[in-house]
Amino acid sequence: MLQAMNSNPRASVTELARSIDVPRSTAYRLLDTLVGLGFVSLSATGGYSLSAQVRTLSDGFIDEAWLGPAWEELVRLGEQLVWPVSLFTCEAATMVIRRTTHELSTMSIDYGMSGRRLPITETAAGRCYLAFCPEGERRLILDMPAAYIGGQGTRLERMAMEEKLESVRARGFDTRLGGLVAKTGSVAVPVIINDKVLCCTSVIFIASALSLDRAVAEFELPMKAFADRLSARLIDVT
């Protein structure tokens with residue numbers, strides 16, 4: 001329920017119940033329990049919202065030291081590009097959003113993106129990781145069902161992916177149009193330190209507002225500059 005409220009702060013109780021697949025009566029009981037625990041606030045008009053106490057749920061979470069400086073640079077990049085940007089790391093054949101400026105960007109259409117896990121082959125950031133990670137790691141990842149939306153990739157899909165990754169290595173970035181997030185596109189670059197992919201960053205845009213060619217023209221150089229800047233800043237941290 002907390003995740004559903006974080007993803008859609010303006011959702012009604014009916015919408016929240018539908019999103020977590022429970023009856024509305026159960027949703028009300030869950031919300032009342034969370035109010036009693038202090039994690040949710042009840043307004044005078046009967047609406048529910050997350051309270052500041054939800055932040056205590058992450059007090060014991062220890063994250064990598066490099067994410068602090070990376071976040072500072074990500075915010076700087078987001079201000080430059082205007083569109084929301086996200087930082088991804090690879091975990092078990094998936095790409096996890098570690099930091100994002102969705103909540104800061106006026107051009108964002110999504111909320112609650114932090115922590116989302118996406119199949120590595122379906123994202124521009126994931127293909128950037130695959131293109132620049134060691135060959136043995138890449139083969140291992142591509143053998144894992146989690147790397148694909150529908151499970152294990154076919155031999156032809158694997159061959160097509162390897163060809164695409166060659167292009168990503170040559171260009172130093174990758175793109176996506178549609179796919180997992182319909183009506184949007186993205187441009188992604190890897191952040192490489194000492195020949196190792198530390199993370200990847202991606203900018204997402206609305207496809208009806210920008211063509212893919214224009215997005216590449218506008219975003220490629222600033223994003224590569226971001227990756228170089230972050231690599232230089234983190235060389236002694238990681």
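**Notes on the loops, helices and a few residues**

1. Let's start with aspartate 21, which sits in the loop joining α2 (13–19) and α3. Keep in mind that this is a predicted model. Aspartate 21 has a positive phi, near 60 degrees, and this in a residue other than glycine. As a backdrop, most residues other than glycine have a negative phi. Is aspartate 21 buried or exposed? Its relative accessibility is 70%, so aspartate 21 goes down as exposed.

2. A word on confidence before going further. Averaged over the chain, pLDDT comes to 90, with 95% of the residues at 70 or more. Which element has the lowest mean pLDDT, and which the highest? Helix α1 (residues 2–7) is at the bottom with 88, while α5 is at the top with 97. The usual caution applies: where pLDDT is low, predicted coordinates should not be read in detail.

3. Since α1 came up, here is one of its residues. Glutamine 3 belongs to that helix, and its 69% relative accessibility puts glutamine 3 in the exposed class. Leucine 34 is 31 residues away from glutamine 3 along the chain, and 13 Å separate their C-alpha atoms.

4. Next, helix α3 (residues 24–37), where valine 35 is found. Valine 35 is partly exposed, given a relative accessibility of 28%. Which residues does it touch, once those up to four places away in sequence are set aside? Valine 35 touches Val40, Leu42 and Tyr48. For a longer look across the model, take proline 84: valine 35 and proline 84 are 49 residues apart in sequence, and their C-alpha atoms are 32 Å apart.

5. Helix α4 deserves a point to itself. It runs over residues 67–81, 15 residues in total, and spans 20 Å between its first and last C-alpha. That is close to the 21 Å expected at 1.5 Å a residue. The buried residues of α4 are Leu67, Pro69, Ala70, Glu73, Leu74, Val75, Leu77, Gly78 and Leu81. When you look at that pattern, recall that an α-helix has 3.6 residues a turn, so residues three or four places apart point the same way. What covers these buried residues? The cover includes the strands β3 (85–91), β4 (94–100) and β8 (196–206), along with helix α8 (212–234).

6. Two residues of α4 are worth clicking on. Leucine 67 is in this helix and counts as buried, at just 1% relative accessibility. Beyond residues up to four places away in sequence, leucine 67 touches Leu87, Arg98 and Arg99. Serine 211 lies 144 residues from leucine 67 in sequence, and the two are 31 Å apart, C-alpha to C-alpha. The other residue is glutamate 73, also a member of α4. Glutamate 73 has a relative accessible area of 7%, under the 20% cut-off, so it is buried. Its contacts, leaving aside neighbours within four places in sequence, are Phe226, Arg229, Leu230 and Arg233.

7. What comes after α4? The helix is followed by valine 82, with a positive phi. Valine 82 is in the loop between α4 and β3; its phi is near 75 degrees, and valine 82 is a residue other than glycine. At 43% relative accessibility, valine 82 is classed as partly exposed.

8. On to the packing of α5 against α7. Helix α5 (residues 124–132) and helix α7 (residues 155–171) pack with 9 Å between their axes, at an angle of about 85 degrees. The angle falls in the 65 to 115 range, so α5 and α7 are roughly perpendicular. From α5, the contact uses Arg127, Cys128, Leu130, Ala131 and Phe132, and from α7 it uses Met161, Lys164, Leu165, Val168 and Arg169. Sorted by class, that contact has 7 nonpolar and 3 charged residues, and no polar ones.

9. How many residues of α5 are buried? The count is 8 of 9, so α5 is mostly covered. Those buried are Ala124, Ala125, Gly126, Arg127, Cys128, Tyr129, Leu130 and Ala131.

10. Last, a strand residue. Threonine 175 has its place in β6 (residues 174–177), and its relative accessible area of 12% makes threonine 175 buried. Which residues is threonine 175 in contact with, leaving aside its neighbours within four places in sequence? They are Ala124, Arg127, Ser186, Val187, Leu212 and Val216. Of these, Ala124 and Arg127 appear among the buried residues of α5.

Note on methods: Residues numbered from 1 in each chain as written. Predicted model: local features only at pLDDT ≥ 70, side-chain atom pairs only at ≥ 80, totals over all residues. Heavy atoms only, no water. Helix = DSSP H or I, 4+ residues; strand = E, 2+ residues; numbered from the N terminus. Expected span 1.5 Å × (residues − 1). Buried < 20%, exposed > 50% of the residue type's maximum accessible area, 1.4 Å probe, protein only. Contact = heavy atoms within 4.5 Å. Axes fitted to C-alpha atoms, helices over the stretch in contact; angles between N-to-C directions. Parallel < 35°, antiparallel > 145°, perpendicular 65-115°, else oblique. Nonpolar A, V, L, I, M, F, W, Y, C, P; charged D, E, K, R; others polar. pLDDT = per-residue confidence, 0-100.
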